[in-house]
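Good morning, everyone. Please look at the screen while I walk you through one protein.

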Amino acid sequence: EGSAPLSRFPRYAATHATPHGAPIASQRSSELLASIGEAERDALCDSLARRHGEGDRLSCDTTSISSYSEALAQVRRGRNKDRVPLPQTSLAMLVGHGSGMPLHYRKVAGNIADVSTVRALIRDMEPSFAGKVRLVMDRGFWSATNVNAMMREHLKFLMGMPTSLRLFRDAVDAHAGELRGWGNYDPATGLYGMRIAHGWDYEERRPRRGDVVRARRRSYVYLFFDAPGAAEAERELAALLRACASELAAGNRVEAHERYYDEYFEVVRGRPVGRDGAIAAATARAGYFALFSNEVMGPFEALAVYHDKDAIEKRFGDVKGLPGLRTPRVSAEGTLAGKLFVTFVALVLTAWLRRRMHESGLDGDYTLEGLLDEVEAIERHAREGHRPRVCEVTGRQRNIFDRLGYGLPTTS
């Protein structure tokens, strides 16, 4: 049934053997989902973290989930990826880099920015990860509060750095010439890269004592320059500035461009005039980007780790695709929590199967959906008073089970 809602389960059960052995009505499905609570979630995540997460790097990200109901506590009005205005909640998830396994999740309010989820995730996962935790996050998570929270919990992290930061601008201005030396060039990526030691101004507020602890914590800026990207960035900046100037001249201001109006223009006698110094500085920084971390490594090792975040992108793709959670049709908190739990279990199984397909070479012959379709075609014959038997298995199906390391199905 693919992404069909649970109301279609009776039809699925009529043509498939299930552990329950009988169709489950839609109302009963909702009751079962509502019976799954935080204790079950915490037990599963704890087990996954202890088995797959120790010493692993963890990708952290969020994705929005649209809803047709505004009755849910953490649902807020917004737009989904298709730009359809619907109430939304958000799903935050941790995925292991090496294992590709989903390890932890939590539901957060749909209008909470990504940067607000880190401290809650750290608090949730603290009992589960006994080993060294190393987080990998995109620049949407950047904030001084989040950096301080991770340092306070002694977590190692690597995150993208917004180019609007003074820290980024200072790094480019101070090290651009050194960075573009031939010794910092990497032929494999076509980029220049270097590591810059930095002292982070750490702050920790202690409400009980009513004071603030301040210290300098060792951290690193990994600075990169992309020469072909610089030319493209300059063209994009020029196109943006021309559009902004036209909008200001016509009195047609665009909300998304307000920060560019303030940064790059001033209006003199009703006409937009460019701020030459700001424009020249922005042009000079074109093609540069940076990562920030409290862990020492080579610059291109850091870049490879950061680019390996595709594991969590795949899991979020699975969330929106395979289990059909793009727009869940639920109106009760308990039902949504249960559906998220079942979806997370499905993601764990999906991640394991993707990994086994890769290890066995099956991913060169099948997509995940194609492999499942191939084995789903195996038929079982049942007759009253007799033991069910599996009908003929094709050579392609037999090959799949052999390469995955499983015996052929017999009876069920």
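I will start with the overall picture, then go to the rings, some single residues and a helix pair.

First, the ground rules. This is a predicted model, where local features need pLDDT of at least 70, side-chain atom pairs count only at pLDDT 80 or more, and totals for chains, interfaces and linings use all residues. Residues are numbered from 1 along each chain as its sequence is written, and side-chain values use heavy atoms, with hydrogens and water left out.

Now the overall picture. The protein has 14 helices and 14 strands. Those are DSSP runs, numbered from the N terminus: helices are H or I with at least four residues, strands are E with at least two. The protein has 412 residues, and 42% of them are buried. Buried means under 20% relative accessible area, exposed means over 50%, and partly exposed is in between, with a 1.4 Å probe and protein chains only. Next, contacts, meaning heavy atoms within 4.5 Å. Take those between residues at least 6 apart in sequence: 62% join residues at least 24 apart.

On to the rings. A pair of aromatic rings is described by the distance of the centres and the angle of the planes. Rings of Phe, Tyr and Trp (its six-membered ring) pair if their centres lie within 6.5 Å. Planes under 30 degrees apart count as stacked, over 60 as edge-to-face, and the rest as tilted. How many aromatic pairs does that rule give? The count is 11. One of them is Trp 142 with Phe 292, an edge-to-face pair with 5.2 Å between centres and 80° between planes. What does this pair tie together? Trp 142 sits in the loop between β5 (134-137) and α5 (144-152), and Phe 292 sits in strand β12 (residues 288-293), so the pair links parts that are 150 residues apart in sequence. Both partners are buried: Trp 142 has a relative accessible area of 13%, and Phe 292 has 0%. Trp 142 and Phe 292 also belong to one aromatic cluster with Phe 157 and Trp 200.

Some rings have a charge over them. The rule asks for NZ of Lys or CZ of Arg within 6 Å of the ring centre and within 35 degrees of the ring normal. Arg 217 lies over the face of Tyr 202, at 4.0 Å from the ring centre. Arg 41 lies over the face of Tyr 105, at 6.0 Å.

Stay with the region around β12. Glu 295 is in the loop between β12 and α10 (299-307). Is Glu 295 buried or exposed? Glu 295 is buried, at 9% relative accessibility. Its C-alpha atom is 7.2 Å from that of Tyr 220, 75 residues away along the chain.

Before β12 comes Arg 285, in the loop between α9 (276-284) and β12. Arg 285 is buried too, at 17%. Beyond its neighbours within four places in sequence, Arg 285 touches Phe 168, Arg 169, Val 172 and Asp 173. Asp 173 comes up again with Ala 281, which lies in helix α9. Ala 281 and Asp 173 are 108 residues apart in sequence, and 9.2 Å apart from C-alpha to C-alpha. Ala 281 is partly exposed, at 23%.

Now strand β8 (residues 191-206), which holds Gly 193. Gly 193 is buried, at 3%. Setting aside residues up to four places away in sequence, the residues Gly 193 touches include Leu 223, Phe 224 and Phe 300. Phe 300 also pairs up in space with Thr 189: their C-alpha atoms are 8.6 Å apart, with their places 111 residues apart along the chain. Thr 189 lies in the loop between β7 (185-186) and β8. Thr 189 is partly exposed, at 41%.

For contrast, look at Arg 269. It is in the loop between β10 (265-268) and β11 (271-274). Arg 269 is exposed, at 82%. Its phi is near 50°, a positive value in a residue other than glycine.

Last, the helix pair. Helices α13 (residues 368-376) and α14 (residues 395-404) pack at an angle of about 120°, with axes 9 Å apart. Axes are lines fitted to C-alpha atoms, for helices over the stretch in contact, and angles run from 0 to 180 degrees between N-to-C directions. Which residues make the contact? From α13 come Leu 371, Glu 374 and Val 375, and from α14 come Arg 396, Gln 397, Ile 400 and Phe 401.
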